[in-house]
Amino acid sequence: MSLPESLERAATELADLADQIRPANGDPHRLLEELGAADAGQLLTWILSEEPADAAELVDAWGEDDAGVAILLAISDEGIAKAGRKLLRKVRHRLRSQGVEVVGKETAANVKRSVLAAPDRWQAAHISSPDFRGARMGYLVDSHPAGGARLFEIRFEQGRGILDFKIYNAGRAKVRGFLRSLTAGSGQRLFEVERDALRALIWRASQAQPNDRPLPTSFVEWRTRLFSDELEKECTPGDLARKALGSGDLGASLEDLVEEVKRGSLGPWPPKTSWVADWMDRGRDEVKGFDGSERVTRIETWIDEVTASLEEQTDDVLISRHLDELAWVRWQADQEDEARRLLTVAAALATDSAAVTALTRARVESLFAPYLTDLRVIEQSALDSEDSDG
């Protein structure tokens with residue numbers, strides 16, 4: 001459904017408000033003019049519970065209006081369905097990051113007087129899930145002084161620094177539509193995040209910039225306005241997840257994580273491409289001319305050697321951070337148990353060498369999956385041949 005369709009349904013369900021809802025013709029700002037504070041709160045509660053997918057458009061629009069902000073901050077989330085409560089929580093996070101605060105259970109009228117004598121400023125922050133190397137897209141939005149919005153698109157990775165930094169100027173509606181297209185539905189690719197948490201994560205990535213690859217020029221130009229050394233004290237999204245969720249049982253958590261990595265649904269955070277290629281060449285040499293059980297033994301020995309080499313190549317602190325940040329993503333996707341498992345393994349990597357080895361071996365299995373499949377097909381054929389000869 002669309003917002004106008006959802007509002008028509010609301011007019012049918014909330015008959016007492018129909019005469020105020022319908023004249024607005026689906027326009028969120030006109031709704032505020034037609035409805036009083038109490039009636040607007042009733043409508044917002046209904047649409048958050050009944051049509052949360054369309055409620056996002058209404059919430060975004062009301063978040064730019066003094067009266068709408070007052071209602072967003074004043075309504076109770078009691079009785080609102082889970083998806084709607086999550087949406088309301090996010091918009092309140094965003095408003096607080098803009099300096100909007102509510103003390104106690106003030107009425108909507110009182111909130112309106114205390115909230116927005118502030119300038120009309122729109123800010124937003126979103127972040128993607130990490131790719132197989134841990135790289136992510138971050139989006140920071142600021143109001144443009146000349147109108148519209150300024151969108152900062154940052155591609156970064158905690159171990160490789162700032163990979164790309166682009167700036168776009170566009171109307172607010174266009175920027176909001178772009179972000180909504182990536183945050184809605186089953187194909188969600190972006191998650192709304194606390195602005196300072198994203199800034200802290202990007203700032204930390206910038207500190208890892210390698211000497212042979214300078215920071216993007218545009219990042220350097222905007223660095224002092226968007227980032228500062230004070231962000232070292234701020235929590236990243238992963239830090240927030242750890243504070244909220246804690247950790248659980250290591251044995252079960254590690255077993256699940258190892259299987260995820262082997263399936264290729266997590267990580268495997270590869271080192272340089274040349275390292276992978278060199279070990280593939282060594283693997284071919286290792287098994288050349290061998291069949292049957294001897295080939296099996298040589299493949300397993302090769303895997304052990306690759307695992308030991310990858311352990312030497314790996315920064316366990318960096319892998320822990322990758323797991324923490326992925327835990328935050330799963331937390332946002334309402335997968336708290338899975339997030340807690342990631343946090344549990346991340347914490348263990350600092351002290352548990354067996355956990356490090358198990359995870360590293362799973363990474364090897366994932367990194368070399370097609371290659372190992374080819375080797376093992378040959379190996380199985382040879383074993384079958386031996387059996388038939390016998």
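**Figure 1. The second largest cavity of the predicted model, which holds about 30 Å³ of space.** In this predicted model, the second largest cavity is lined by T314, D316, I319, L349, V356, L359, T360 and R363. The elements that give two or more residues to this lining are α16 and α18 (353–367), and the largest share, four residues, comes from α18. By residue class, the lining of the second largest cavity divides into four nonpolar, two polar and two charged residues.

**Figure 2. The largest cavity, with about 40 Å³ of space.** The count of cavities of 30 Å³ or more comes to two, and the view here shows the lining of the largest cavity, made up of P130, G134, R136, F156, Q158, L201, H322, E325 and L326. Helix α16 (residues 316–332) provides the largest share of this lining, with three residues. The lining of the largest cavity consists of four nonpolar, three polar and two charged residues.

**Figure 3. The second largest pocket, with a volume of about 530 Å³.** Of the 24 residues that line the second largest pocket, H93, E192, V193, E194 and L240 are the closest to its centre. At least two residues of the lining are supplied by each of α7 (82–97), β1 (123–128), α10 (195–206), α12 (237–245) and α16, and α7 gives the most, with six residues. When the residues that line the second largest pocket are sorted by class, they divide into eight nonpolar, four polar and 12 charged.

**Figure 4. The packing of helix α10 against helix α12.** The axes of the two helices, α10 and α12, come within 8 Å and cross at roughly 125 degrees, and α10 and α12 are therefore oblique to each other. On the α10 side the contact is made by A197, L198, L201 and R204, and on the α12 side by P237, D239 and L240. The residues of this contact divide into five nonpolar, no polar and two charged. Two of the participants also appear in earlier views: L201 belongs to the lining of the largest cavity, while L240 is among the residues closest to the centre of the second largest pocket.

**Figure 5. The open five-stranded sheet, with strand order β4-β3-β2-β1-β5.** The pairing within this sheet is antiparallel, and the edge strands, each of which pairs on one side only, are β4 (161–170) and β5 (190–192). On average, and with direction ignored, neighbouring strands of the sheet are turned by 20 degrees against each other. Between β1 and β2 (residues 136–143), which run antiparallel, there are five bridges, and the bridge partner of I127 in β2 is G138.

**Figure 6. Helices α10 and α11 packed on the sheet.** Helix α10 touches β1, β2, β3 (149–157) and β4, and its direction makes about 125 degrees with that of β2. Helix α11 (residues 217–226) packs on the sheet through β2, β3 and β4, and its direction makes about 80 degrees with that of β4. Helix α10 thus links this view with two of the others, since α10 supplies at least two residues of the lining of the second largest pocket and its axis comes within 8 Å of that of α12.

Conventions: Residues are numbered from 1 along each chain as its sequence is written. This is a predicted model: local features need pLDDT of at least 70, side-chain atom pairs count only at pLDDT 80 or more; totals for chains, interfaces and linings use all residues. Side-chain values use heavy atoms; hydrogens and water are left out. On a 1 Å grid over the protein atoms alone, a cavity is a set of points where a 1.4 Å probe fits but cannot get out, and a pocket is an open set with protein on both sides within 12 Å along at least five of seven lines; lining residues have an atom within 4 Å of a point. Grid points are joined across faces, edges and corners, and a volume is the space filled by probe spheres set on the points. Ala, Val, Leu, Ile, Met, Phe, Trp, Tyr, Cys and Pro count as nonpolar, Asp, Glu, Lys and Arg as charged, and the others, Gly among them, as polar. Axes are lines fitted to C-alpha atoms, for helices over the stretch in contact, and angles run from 0 to 180 degrees between N-to-C directions. Angles under 35 degrees count as roughly parallel, over 145 as roughly antiparallel, 65 to 115 as roughly perpendicular and the rest as oblique. Contact means heavy atoms within 4.5 Å. Two strands pair if DSSP finds at least two bridges between them.
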